[in-house]
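Student: I would like a close look at a single part of this protein, taken slowly and set in the context of the rest of the chain. Please keep to what can be read from the model itself.

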Amino acid sequence: MYDIRTEKSPKVNKWLKVAAWVTGAALILFVGLFFFTIWLEQKVERMVTEQSKGVYKLQLHGLKLSPFLGNLAADSVLLQPDYTKWKELSQQGQEVPRVLLDLRTGPVYLRDLSHIKALFERQVQLAELEVQKPVLLLSVMRPDTTTSHLALHETAKGFLKGLAIGNIKVQQASMFYRRGATTDTLSSVRDFQLAVDDFRLDSASFAAKDRAYYARRHKLTAANSHLLLSDELYKLSTDSLHIDTQSGEVGLQQVKITPLAEPAAMARAKGEAVTHQEAAAELLTLRGVDFGEHSRTNKVHIKHALLQTPTLTAFKDKQNFRDKGTKKLPHEMAQSIKTPFRIDSIEVRSGYIRYAELVPEAEERGHIAFHHINALITNLSNMPEQVTIKEPAVIQAKTRVMDRADLDVTIRLPLLHDAGYHTIEGTIGETNLQLLNPILIPTSFVKLESGQVRSGNFRAELSQAAANGSMTLIYNNLKVELLSKDADKDQSFGKKVLSKLANKVAIKESNPSKGEEPRVGEISVSRDPQKSVFNYWKECLSSGFLSSMGLDGMAEK
C-alpha cells in the first residue's frame, strides 16, 4: 500500500525545522529580553544611586520592555531619599539638592522611547509619559539663599539634559510640601490631573514666547488644595483648582482662609494684639496671566482678577493684649516684594466685612459691618515704569455701612513713594447716625441718641507721619450722650451734666446752622505706626466727623 506520509515527509521535516528555528529564536529572544530587562532595571537603579551620591534609592517594580515598539512600562516606581545621607554629605560641604523628593507611583508608561539613545547617549526622547496615582512629597531641607538662579536647562545633568517628551499625562496625583524631614505638611494638592504638551528642556524652548516652563501647554486641575500661610497660623484652602498656561487662566472655587488658633492663643503666639480673621470667597479667577513671561524673567503680569462674593470677619482684643511693632503701609508692602509684579485690574463683587474689637474697660465687643462691597483696583504694581505719582494704583469702592448708609471711596496710591504719600476721598449717603452706635458705645463710650445725615464728602492727603484734609457733613438733630465705662452702672451725674452741656454748647446740632453756610470739618490725624492702614483711614473719617459735629476730644477712648 502507498504511504502518503512517506511522500510528504521531506516537506514536513522542512517546516518542522523552520518552526523549531523560529521557536528557538523566539525563546532566545524572550530569555534575552527577560535578562536584558533585569539588567536594565538594575542598571537604572544603580545609576540613580551613583549619580545622587547615595542620597536617592530607586526601585522599579514589574518593569516591562518592548524594544521594537520603543515602549517601557513599570507596575510601580519608588524613589526614596536618604535623609541621613543627605545630612552627612551636607556636613562634609558636598553639593546636595536643597529639596528632596519622595515619589511613589502606580503604573508608569513610556511610549516610543529610544532605548539606544537613553542608554548610550544619555538623551531621553519619547512620545508620551503617563504616570498613574503618583504621590510626591517635597521636603525643603534648607532655605534658598541664592540671590540669582540659573534656568533649569542650564543646571540639568545626566538624563535630564535635553529631555524631550511629546505628551505628559499625570492622573490621580497628590503632592505634599513640608519644611525639613518633619511630619507637618505646609501645603498639599490632592487628586489632581496634569497634562503637558511638547515639553523640551533646552534653551530654545526656554526663550520661545509661545511656551511657558519649556512646554507649549501645562494644564492642571485639582479637587482640593491647602497651603499654610507664612506664619503657620492660617490655612488657605480651595475645593477646586484650575490652571492653564496656554489660555493664561487660573481658577479657584470655594476659597477659604481659616485661622488655626483661637484669638487669645494667636495673640499669645505673636506676643501682641492681633486681628483674628476668617475669610472666604465663592470664586477667584485670574485672566491674562503671562506664564511665559514669568518662566523667562520671573515677572508676574495678570490682566484681570475677579473675587466673587468674598466675606471677611475680623476681631481684635485690645483689652488683654497691646499693639506692638510697626505696621506697614501698602507702599512698604509692595516695595518689600522682590518679584516684579503688575496686576492691571482686580474686581471685587458683592463683598462683606465685619470688624469687631474689645477695648480696655469695655464689657462687650463693638462692631461695624460693610455690606454689598463692590470695588475695582487698577494698576497694582511695584514696577517703577508702571506706578508713578501721575499713574498711581487706584482703589474705587462702594459699600453700605451697616447695610444702611452708602459710602463711596476712592484711594490713590503711588506705591513707590518713599514717604507713603496717598490720597483718600469719597462721599457719604443719607442715613441715621444711630447706625454707628454698635461700634461707638462699646469702644468710645459715646451714644448717638439722634442725628440724620443728608450727605457728606471728604478728602485727605496722607503720608507715613500724618494726614490732613477736610470733610463737609450735612446733618440735623444731632444729640450725643457720654456713657460710663462700667456697663453695670447708669450714666454718672457728672457724665449727665457733660452730655447736656455738650449738646447745648459744644456739639453743633445741625450743619448748616440756621442762617449760615455749611461748615467744613478739619481732618487732622497723626499716624500711629503700631496700627494698621485701615485704622489710619478710619481715623481720618472719625476726625472729620468729630470736627464737623464739635465732638473733638469729647469721647474717652
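Which residue of β14 does Lys-256 stand opposite?

Tutor: Lys-256 stands opposite Ala-280 in β14, and that pair is a convenient place to enter the part of this predicted model that I will describe, namely the strands around β14 and the cavity beside them.

Let me begin with the strand pairing. Strand β13, residues 249-259, and strand β14, residues 275-287, are paired in the antiparallel sense through seven bridges. Besides the pair you asked about, Val-250 has Leu-286 of β14 as its bridge partner. On the β12 side, strand β12 (residues 234-244) is joined to β13 by ten bridges, again in the antiparallel sense, and there Leu-236 is found opposite Ile-257 of β13. β12 and β13 make a hairpin that leaves four residues between the two strands, and within its turn Gly-248 has a positive phi of about 70 degrees.

β14 also has partners further along the chain. With strand β15, residues 300-308, it forms an antiparallel pair of five bridges, in which Arg-287 is matched with His-304 of β15. With β16 it runs antiparallel as well, and six bridges join the two; here Ala-279 has Leu-312 of β16 as its bridge partner. As background to reading such pairs, side chains in a regular strand alternate between the two faces of the sheet.

The loop between β15 and β16 deserves a careful look, for it contains Thr-309. This residue has a positive phi of about 55 degrees, although it is not a glycine. Most residues other than glycine have a negative phi. As for its surroundings, Thr-309 is partly exposed, with a relative accessible area of 24%.

Now to the empty space beside these strands. Rolling a probe the size of a water molecule over the atoms shows where empty space is left. When the whole structure is searched in this way, one cavity of 30 Å³ or more is found, and its volume is about 40 Å³. The lining of this cavity consists of Pro-263, Ala-264, Ala-267, Ala-273, Val-274, His-276, Phe-315, Lys-316, Asp-317 and Phe-321. Two elements, α6 (263-270) and β16 (311-317), each supply at least two of these lining residues, and β16 is the strand that six bridges join to β14. Sorted by class, the lining has seven nonpolar residues, one polar residue and two charged residues.

To place this part in the whole, consider how the nonpolar side chains are grouped. In soluble globular proteins, nonpolar side chains tend to be buried together. The largest nonpolar core here has 95 residues, and those with the most contacts inside it are Leu-129, Phe-199, Ile-424, Leu-433, Phe-458, Leu-462 and Leu-478. Strand β24, residues 466-482, gives the largest share of this core, seven residues. Apart from it lies another core, of eight residues, which includes Leu-233, Tyr-234, Met-266 and Ala-267. Ala-267 therefore belongs both to that core and, as the list above shows, to the lining of the cavity.

Two further places in the chain can be set beside Thr-309 for their backbone angles. Asp-403, in the loop between β19 (393-401) and β20 (405-413), has a positive phi near 60 degrees and is likewise not a glycine; at 34% relative accessibility, Asp-403 counts as partly exposed. Phe-445, which follows α9, also has a positive phi, near 55 degrees. Within helix α9 (residues 437-444), the residues Asn-437, Ile-439, Pro-442, Thr-443 and Ser-444 are buried, and the elements that cover them include β17 (341-358), β18 (366-381) and β23 (446-462).

Finally, the chain as a whole has eleven helices and 25 strands. Of its 557 residues, 39% count as buried, and among contacts with a separation of 6 or more, 64% are between residues 24 or more positions apart.

How values were computed
Residues are numbered from 1 along each chain as its sequence is written. This is a predicted model: local features need pLDDT of at least 70, side-chain atom pairs count only at pLDDT 80 or more; totals for chains, interfaces and linings use all residues. Side-chain values use heavy atoms; hydrogens and water are left out. On a 1 Å grid over the protein atoms alone, a cavity is a set of points where a 1.4 Å probe fits but cannot get out, and a pocket is an open set with protein on both sides within 12 Å along at least five of seven lines; lining residues have an atom within 4 Å of a point. Grid points are joined across faces, edges and corners, and a volume is the space filled by probe spheres set on the points. Ala, Val, Leu, Ile, Met, Phe, Trp, Tyr, Cys and Pro count as nonpolar, Asp, Glu, Lys and Arg as charged, and the others, Gly among them, as polar. Two strands pair if DSSP finds at least two bridges between them. A nonpolar core is a set of buried Ala, Val, Leu, Ile, Met, Phe, Trp, Tyr and Cys residues joined through side-chain atoms within 4.5 Å. Buried means under 20% relative accessible area, exposed over 50%, partly exposed in between (1.4 Å probe, protein chains only). Contact means heavy atoms within 4.5 Å.
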